[in-house]
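The following exercises are to be solved with the sequence and the model at hand. Each task is followed by a worked solution.

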Amino acid sequence: MRVRPKNHHKINYRGCFRINILNKKIGVIGGGQLGKMMILEAKRLGLYVITLDPSIDCPSSSISDEVIAAGFHDGDAIRRLAEKTDVITYEYEHINAGVLAELENRGHKIYPSVSSLLLIQDKFTQKTKLSDGGLNVPRFKSIETLEELQKYADNSGFPVMLKSRKDGYDGKGNFLIREKSEIETGFNSLGGKLLMTEEFIDFLTEVSVIAVRGINGEKAVYPIACNTHRNNILDTTEVPAALPSESLRVDILEAAERVMDIFEGVGTFGIEMFIGKNNKIYINEVAPRPHNSGHYTIEGCRANQFENHIRAITGLPLGETKLLHNFVLMRNLLGQSNGMAKTEGTEEAYRIYNGVNIHVYGKRESKTGRKMGHYTITGDSPGQVREIDAKISGIVKITGGEIDL
């Protein structure tokens with residue numbers, strides 16, 4: 001474990017130390033793009049931030065006041081982070097919840113709460129909690145043996161969605177079994193333990209809602225986003241989502257608020273839903289943190305998801321979530337090849353349209369399919385924005401060159 005402190009006591013022209021206006025230090029577990037965007041909002045408020053991440057040069061290291069270089073399950077490092085900060089939050093849920101529970105029991109502030117984290121870390125307990133709370137979810141079942149999976153498939157028919165209960169993200173930990181010959185392959189590919197099956201939903205649309213809950217129970221809900229995926233990774237998000245009726249929009253937003261109440265969350269949550277036939281709503285997954293599909297809020301809303309997350313965990317009133325533009329599109333920029341990261345096309349894209357904002361996360365190494373950045377386009381109509389997206393989507397890219405040793 002290494003700690004890199006920074007000289008944060010900057011003296012101004014009067015010889016006074018810079019003062020933290022909220023007198024709070026925030027610990028962030030995870031130094032990737034979500035952590036970096038959280039910290040950008042925290043720094044606007046003059047907050048002191050310490051990041052814990054396995055990499056000393058993680059994306060958020062350049063703006064963190066300190067970086068503790070340690071693994072997400074390093075109990076000693078997490079305890080050290082707690083001793084140095086007033087509140088802990090996280091950008092990644094697959095972390096050492098046991099140590100966080102110990103710290104929470106000793107009076108340390110951790111948001112979202114450890115009880116929420118423990119339930120959400122395991123997709124089976126997450127789905128159980130949602131179902132018990134009266135929300136509609138795809139039918140699901142815990143699977144312990146290959147024989148149990150084979151019997152389930154015989155009874156349910158194909159396709160069968162098989163999932164790892166823990167540690168899955170961006171399609172990792174999922175296997176769609178389309179026929180009997182794939183059952184054993186799917187079971188073995190996911191490690192053969194802590195698995196669950198889920199009803200395969202032939203959905204019409206996939207939507208998400210970013211919702212925030214403050215310490216005092218205040219809630220802020222963002223507009224509904226429509227998402228498209230490619231190879232199980234989010235490709236684009238469009239807001240507002242095109243929905244067939246106002247009543248469906250109301251039902252989706254109400255479901256998002258109920259999710260927040262069920263988990264008694266504090267902070268920002270990303271809630272993914274399927275809209276099935278007859279406009280039936282299924283809660284797919286819940287993330288106890290800012291979410292990729294909420295990146296549009298940075299240019300699209302008065303207070304973005306990261307600002308409201310910081311407001312929530314520090315006890316500040318939540319900000320306005322209404323759209324500032326008629327239509328917003330966010331597209332992920334994935335690594336095109338392996339090697340030292342190099343961004344191309346920024347100048348040309350900016351010359352094409354001044355309603356484009358490109359975000360590069362600062363990951364040193366590009367990997368094929370890795371999330372390296374995103375861009376947002378704001379405009380007056382879906383047609384206008386999509387036309388601009390078609391022009392610049394092949395121009396802006398992040399590729400890999402030779403590794404700089």
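**Exercise 1.** Which residue stands opposite Ser208 in β13?

*Solution.* The model is a predicted one, in which local features need pLDDT of at least 70, side-chain atom pairs count only at pLDDT 80 or more, and totals for chains, interfaces and linings use all residues. Residues are numbered from 1 along each chain as its sequence is written, and side-chain values use heavy atoms, with hydrogens and water left out.

Step 1. Locate the strands, which are DSSP runs of E with at least two residues, numbered from the N terminus, as are helices (H or I, at least four residues). Strand β11 covers residues 205-213 and strand β13 residues 225-230.

Step 2. Establish the pairing, for which DSSP must find at least two bridges between two strands. β11 and β13 run antiparallel and are joined by 3 bridges.

Step 3. Read off the partner: Ala225 of β13 faces Ser208.

Step 4. Continue to β14 (residues 233-239), which is antiparallel to β13 and linked to it by 5 bridges. Here His229 has Leu234 as its bridge partner. The hairpin of β13 and β14 has 2 residues between the strands, and Asn231 adopts a positive phi near 55°.

**Exercise 2.** Determine the strand order of the sheet that contains β7, and describe the setting of Thr197.

*Solution.* Step 1. The sheet is open, has 4 strands in the order β7-β10-β8-β9, and pairs in antiparallel fashion. Because β7 (140-143) and β9 (174-177) stand at the edges with a single partner strand each, one side of each lacks a neighbour in the sheet. On average, neighbouring strands are turned by 25° against each other, direction ignored.

Step 2. β7 is joined to β10 (residues 195-198) by 4 bridges, and Lys141 has Thr197 as its bridge partner in β10.

Step 3. Two helices lie across strands of this sheet. Helix α5 (residues 123-132) lies across β7, β8 (160-164) and β10, at about 150° to β7; angles run from 0 to 180 degrees between N-to-C directions of axes, which are lines fitted to C-alpha atoms, for helices over the stretch in contact. Helix α6 (residues 146-156) lies across β7, β8, β9 and β10, at about 155° to β7.

Step 4. Thr197 has a relative accessible area of 0% and is therefore buried (under 20%; exposed is over 50%, partly exposed in between, with a 1.4 Å probe and protein chains only). Among the residues that Thr197 touches, not counting those up to four places away in sequence, are Phe140, Leu149, Tyr152 and Leu162; contact means heavy atoms within 4.5 Å.

**Exercise 3.** Which residues of α2 are buried, and which are exposed on the other side?

*Solution.* Step 1. Gly75, Ala77, Ile78, Leu81 and Ala82 are the buried residues of α2. They lie on the same side of α2 because they cover an arc of only 165° around the axis, the arc being that of the directions from the helix axis to the C-beta atoms.

Step 2. Asp76 and Glu83 are exposed on the other side of α2.

Step 3. The cover over the buried residues of α2 includes β2 (25-29), β3 (48-53), β4 (66-69), β5 (87-90) and α3.

Step 4. The axes of α2 (residues 75-84) and α3 (residues 97-105) come within 10 Å and cross at roughly 35°. Gly75, Ile78, Arg79 and Ala82 of α2 make the contact with Val99, Leu100, Glu102 and Leu103 of α3.
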